[in-house]
Structure formats: structure tokens, C-alpha cells
Amino acid sequence: MKYVLVSGGVVSGLGKGVTASSVGVVLKACGLRVTSIKIDPYLNIDAGTMSPFEHGEVFVLDDGGEADLDLGNYERFLDVTLTKDNNITTGKIYQSVLEKERRGDYLGKTVQVVPHITDAIKDWIESVAVIPVDRNEGPADVCVIELGGTVGDIESMPFIEALRQLSFSVGPDNFCLIHVSLIPVLGVVGEQKTKPTQHSVRELRALGLTPHLLACRSAEPLLQSTKDKLSQFCHVPINNILNIHDVPNIWHIPLLLWNQNAHHSILQQLNLLSNATPPDLRQWTKMAEAYDNLTESVRIAMVGKYVGLTDSYLSVVKALLHACVARSLRPSIDWIAASDLEDDSAKSAPEAHAAAWETLKSAACVLVPGGFGDRGVKGMMLAAKYARENNVPYLGICLGMQISVIEFARSVLGWERANSVEFDAQTPNPVVIFMPEGSRTHMGSTMRLGSRKTFLKAPDSITSNLYGNSEYVDERHRHRYEVNPDLIGTLEEAGLKFVGKDESGKRMEILELPSHPFYVGVQFHPEFKSRPGRPSALFLGLILAATGKLEAHISKHPNGS
């Protein structure tokens, strides 16, 4: 196994995940099979219990793993299906070591960070690296490892030591280190400064790791004098100093690496030049350039709880991008804080309230994504009601589906106090209930998680036509509440139709409003399986409906053909 380690220095948030994904794209374009591992040094077992404001979205994997959003980047860029073990955290490592200690596996020895924690990290990396992730048998050729955080962080020290040991044990021909760093420009001087990167590389070398390539983040392309200085003081050949400057869209990053012959430097370091083919990035180039040349756009109102940090909905944003590009459109996302739509906001923040409603009414479609807790729920219901009553295309995902059921029960059935027991445990009309198998005492990994089958019950429904599969679809889930199966009959008699259910037929997965051009709610998260060039069927349906082309598309592509 060949390893490419991507580390970061100076500051966090430089785009190590996109860099690691782009390295994978370039190596894959050279005919190599690539897998990925993300190391997160935090103590949480996984990202499942963290607020989106803390760490961005929680990306759900096929096997139910709740992972860092960078695994979403890997899956979308490399078109692979990763497992929960591809996301390593300090919590997982310590948990595994302490479980062994309790079983007596260490034979009475003193359990220490070195060697027991570092050995556990190495064993985890080596065992996960050989798991096939690309629908082919056998291990990949290269494993790209992203080390989260910044060199020098206390919490990442055991991982850096483990990776130092790994680089020594596998040998120099099987290990390549790419260090991502920042080249700032001070406003007063206007000069590209290399000193922060020099210090970062010095820190890394002091810990026993020497970078083979530098990936320098900057607003503008690096000057030759800057590259010369970096090469001289960081002991990196000048041809191995890569510049990742700001680009119109992230699909250009693999092309940036390719144009700077990054693949040649990496393959040379890994002694893979004889195994690789010349990189074929024609399709990737076409995709990146096509997006740059798009002129028409579609306005999408995103009504959510966490709009203050767009990474909270990263996969939703990417799924909208994929769907829009498939229709030669640019997505124009209008972020609306759900609480700004509420009546209380009209009194406390009238300007924000008026602006939110103006934005909502100007959009071509409405999307309400997932979330937890009761903040902003009333605003989401108002958005769903507006879309339903005004024939505006609507897609509700997870909580967004439950919101549409609650709003329908209140407005159409007249159940004024209809609610989810998540928001009102005493509601007389619990249209959304806690799932029987859920845990009320533990929060981590206790939801209905991962890829599950949803059986389509109405072949003539919009959803069935978009998916092009008359039997079932396989999508990823993340929820602990569900539509109350005892009230389905009443809801359907009033006009709401549940066209997708689980294998038991009792858990509602997809709803539609037949009298509406496009009013769809899904309990699952279709955004997690959307890929460039293969957009999610439901996101594509939303964009088609928003541009008035859904009926023509379905007529032209019956059953998604």
C-alpha cells in the first residue's frame, strides 16, 4: 500500500479536504485506484452529536457512520463509497485501546500513549486502507490520508507520531507527505510572506516528518521569488512547490494540480511512474469549464436553522449544484433563517422579517433541509404553507418532510395543535412520533442511520418517474422521529399521499401532494448520494419544476429512462 498524507499548517480551514480529494482525483485519472481516510483529533467518537455550528454538517455513510463533512468531499470527488472506519477520531482510538485494556489484552503492562495509542492508530490505518471502496475487488493502490487540525496542536500529537512511525515502517517509496500551508499577503506591504510556512515546516520536521511537497494556499498565484524562498528554507524541490490559489469553483483544484505536474512528483515519490498512465482529466476539465460559462441561474430559497454557517448544509448545496449544472444553470441560493419568517420576528426584528419574506416570495422554489430542535420550526411551517398554497415547488428533507405533514394537518385538517412530539410532548395530535426502537438515554449512533430501501408504492408518482425504478430506491437516513402511522389514513383522505414506504409498509418515507406541481417530502437524505454528473433525482426534479420543465422531462424520460 502506498500512502499520501495531507497535513496542514499556519491556520485551519485552508481546504485540506478539497486538496486531499483533488490529489485523489489526479491519481485516479492516472489509472490508479484510490481510497481515503480522514483523521479528526477531537475526542468525540464521531461527528454525530456535534452541532453543525461546531463542525459543519454531519455526513452520513452507507453503513450508518456519522462522519466529518470531508468524507462527503472524498465520495463526491472520487465517486467511492466509504465506511465509518474511514473516519478516525481520538475518541475511537482511545475507546478501542481502553476496551482492550479492560479485556486484559495488554497482559498487565502499563498502557501508554506510546506505544499503545500510536500502535492502535497505525493498525487502524493499515486495516482500513485495504478495504475496497470503488465497487472493485481487492485493495486500492493509494490511500490518501488527511490529518485534521494544524501541525502543533496538542490533540494531534499522537497521530503525528503514529504517522512518523508508519512512514518509517513502510519505507520512503511508499509514503508521500503533502503539507498545505498559507502564504498571506499583508495589506500594507503587499508582499507574499513565507515565514508562517517556514515555521510550520520547521515544526513538522521537529516532529520527525519532512514534507515532500508543499501545497501553498494564496489569493493570487505565487511569484517565482516566493517559490524560490520556500524551496530554499523548507528543503523542498522547487518543482514540488504547488500553488493552490483561489479559483472560480473547486472543480478547478485537480486541474491546478495537474497543470503543475503534481501527479508526476507524487508518483515519483511513491515509485509508481511505471504503473501509472498519463492523466485523463478531459471530463473533469469539461465539467469545470462548463460551470464557469453558465450565465442563467435559478433562485432557490433555503429555509433552515443553521444558515449562519453554509457548511452546515454542504451536501445539500453540492446536490443543488449538481442538479443545476445538469440543466445548464447556476444555483442562486437565498439563505433564509427560518426564525426570521415567524410572527415574533415581525415585532423583534421587523427589517429581517420583511427581508426574509421578500426573499422567499422571490424564489423559484423552496427547500427545507434537516435539523433538530424546535428553534425556527414555526418559520419552516410558514415556508411550507406558502409553497403549498402558491404552487411553488417544494422539497422537504427529513425534518422538512415532517414540517410539511404538521403544516398540512394544521391548515387542511384543522388540527391547530398538531405537532411532533419532539417539539410538544403533550400535543393532542401527534402527527410525528418518536421511533419505537430509538434510545431516550443515549444520543450518539442511536438514530435510524445509513442506507435503507424505500419501496415506491405509486408507479405514476413524480418521485417514481424521477427515480426510474418502479420497485425501490436506496438512500441514506438520519432520524429518530417518524410520521405517525396511525394517522396516515386521515392524512391521505385529505389529499396528502405517501408514495414511498419502508419494507414493513408502516414507516413513511416519501410524500407528495398530487394537486401540486411539485410538493415532495422525503424522510431520507438524497443529498448524500448526489455526484457531479449524476445528480440526485429529487434535486433534479426540484430544479426542473422551478424552471417549468418537469412535465416535459417526465414525458421525454418516462420512468427516468
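**Exercise 1. Overall form**

What radius of gyration does the protein chain have, and what would a compact globule with 561 residues have?

*Solution.* The model is predicted. Start with the expectation: a compact globule with 561 residues would have a radius of gyration near 24 Å. The protein chain has 25 Å, which agrees. Next, take the box. Along the principal axes, the C-alpha atoms fill roughly 75 × 60 × 50 Å. Then count the elements: the protein chain holds 20 helices and 21 strands.

**Exercise 2. Burial, contacts and charge**

State what share of the residues is buried, what share of the contacts is long in sequence, and how the charges are placed.

*Solution.* Of the 561 residues, 57% are buried. Now turn to contacts with a separation of 6 or more. Residues 24 or more positions apart account for 73% of them. For the surface, the protein chain exposes about 23300 Å². Carbon and sulfur atoms supply 50% of that area. Last, the charges: there are 54 positive and 64 negative side chains. The centres of the two sets lie 2 Å apart.

**Exercise 3. Strand S9**

Decide how far strand S9 is enclosed, and find its pairing with strand S8.

*Solution.* Locate S9 at residues 241–245. Apply the cut-off: buried means under 20% relative accessible area. Five of the five residues pass, so S9 is largely enclosed by the rest of the structure. Check each face in turn. Ile241, Asn243 and His245 are buried on one side. Leu242 and Ile244 are buried on the other. Now the pairing. Strand S8 covers residues 213–218 and runs parallel to S9, with five bridges between them. Within this pair, Arg217 has Ile244 of S9 as its bridge partner.

**Exercise 4. A three-strand sheet**

Give the strand order of the sheet that contains S14, S15 and S18, and explain why one side of each edge strand has no neighbour in the sheet.

*Solution.* The sheet is open and has the order S14-S15-S18, with mixed pairing. Strand S14 (419–420) and strand S18 (481–483) stand at the edges. Each has a single partner strand, so one side of each is left without a neighbour in the sheet. Look at one pair in detail. Strand S15 (residues 430–434) and S18 run antiparallel and are joined by three bridges. In this pair, Ile433 stands opposite Glu482 of S18.

**Exercise 5. Asn484 after S18**

Is Asn484 buried or exposed, and which residues does Asn484 touch beyond four places in sequence?

*Solution.* Place Asn484 in the loop between S18 and helix H18 (488–493). Its relative accessibility is 8%, so Asn484 counts as buried. With residues up to four places away set aside, Asn484 touches Pro430, Val431, Val432 and Ile433. Take Pro430 as an example. Pro430 and Asn484 are 54 residues apart along the chain, yet their C-alpha atoms are separated by 7.0 Å.

**Exercise 6. Two more sites**

Compare the settings of Thr90 and Pro517.

*Solution.* Thr90 first. Thr90 lies in helix H4 (residues 90–103). At 7% relative accessibility, Thr90 counts as buried. Beyond four places in sequence, its contacts are Asp40, Pro41, Tyr42, Leu43, Glu155 and Phe159.

Now Pro517. Pro517 sits in the loop between strand S20 (508–512) and strand S21 (519–522). With a relative accessible area of 43%, Pro517 is partly exposed. Outside its neighbours within four places, Pro517 contacts Asn391, Ile462 and Leu550. Gly104 is 413 residues from Pro517 along the chain, and the two C-alpha atoms are separated by 63 Å.

**Exercise 7. Backbone exceptions**

Where does the chain have a cis peptide bond, and what is the phi of Asp79 and of Arg135?

*Solution.* Recall the background: most residues other than glycine have a negative phi, and most peptide bonds are trans. The bond from Val114 to Pro115 is cis, with omega near 20°. Pro115 belongs to helix H5 (residues 113–129).

Now phi. Asp79 has a positive value of about 55°. Asp79 is in the loop between helix H3 (70–78) and strand S5 (87–89). Arg135 also has a positive phi, near 70°. Arg135 is in the loop between H5 and strand S6 (142–147). At 62% relative accessibility, Arg135 counts as exposed.

Methods: Residues are numbered from 1 along each chain as its sequence is written. This is a predicted model: local features need pLDDT of at least 70, side-chain atom pairs count only at pLDDT 80 or more; totals for chains, interfaces and linings use all residues. Side-chain values use heavy atoms; hydrogens and water are left out. Helices (H or I, at least four residues) and strands (E, at least two) are DSSP runs, numbered from the N terminus. The radius of gyration is taken over C-alpha atoms; the globule rule is 2.2 Å times the number of residues to the power 0.38. Buried means under 20% relative accessible area, exposed over 50%, partly exposed in between (1.4 Å probe, protein chains only). Contact means heavy atoms within 4.5 Å. Accessible areas come from the Shrake-Rupley method with a 1.4 Å probe; for residues, only the protein chains shown count as cover. Lys and Arg count as positive and Asp and Glu as negative; His and the chain ends are not counted. The place of a charge is taken as NZ of Lys, CZ of Arg, CG of Asp or CD of Glu. Two strands pair if DSSP finds at least two bridges between them.
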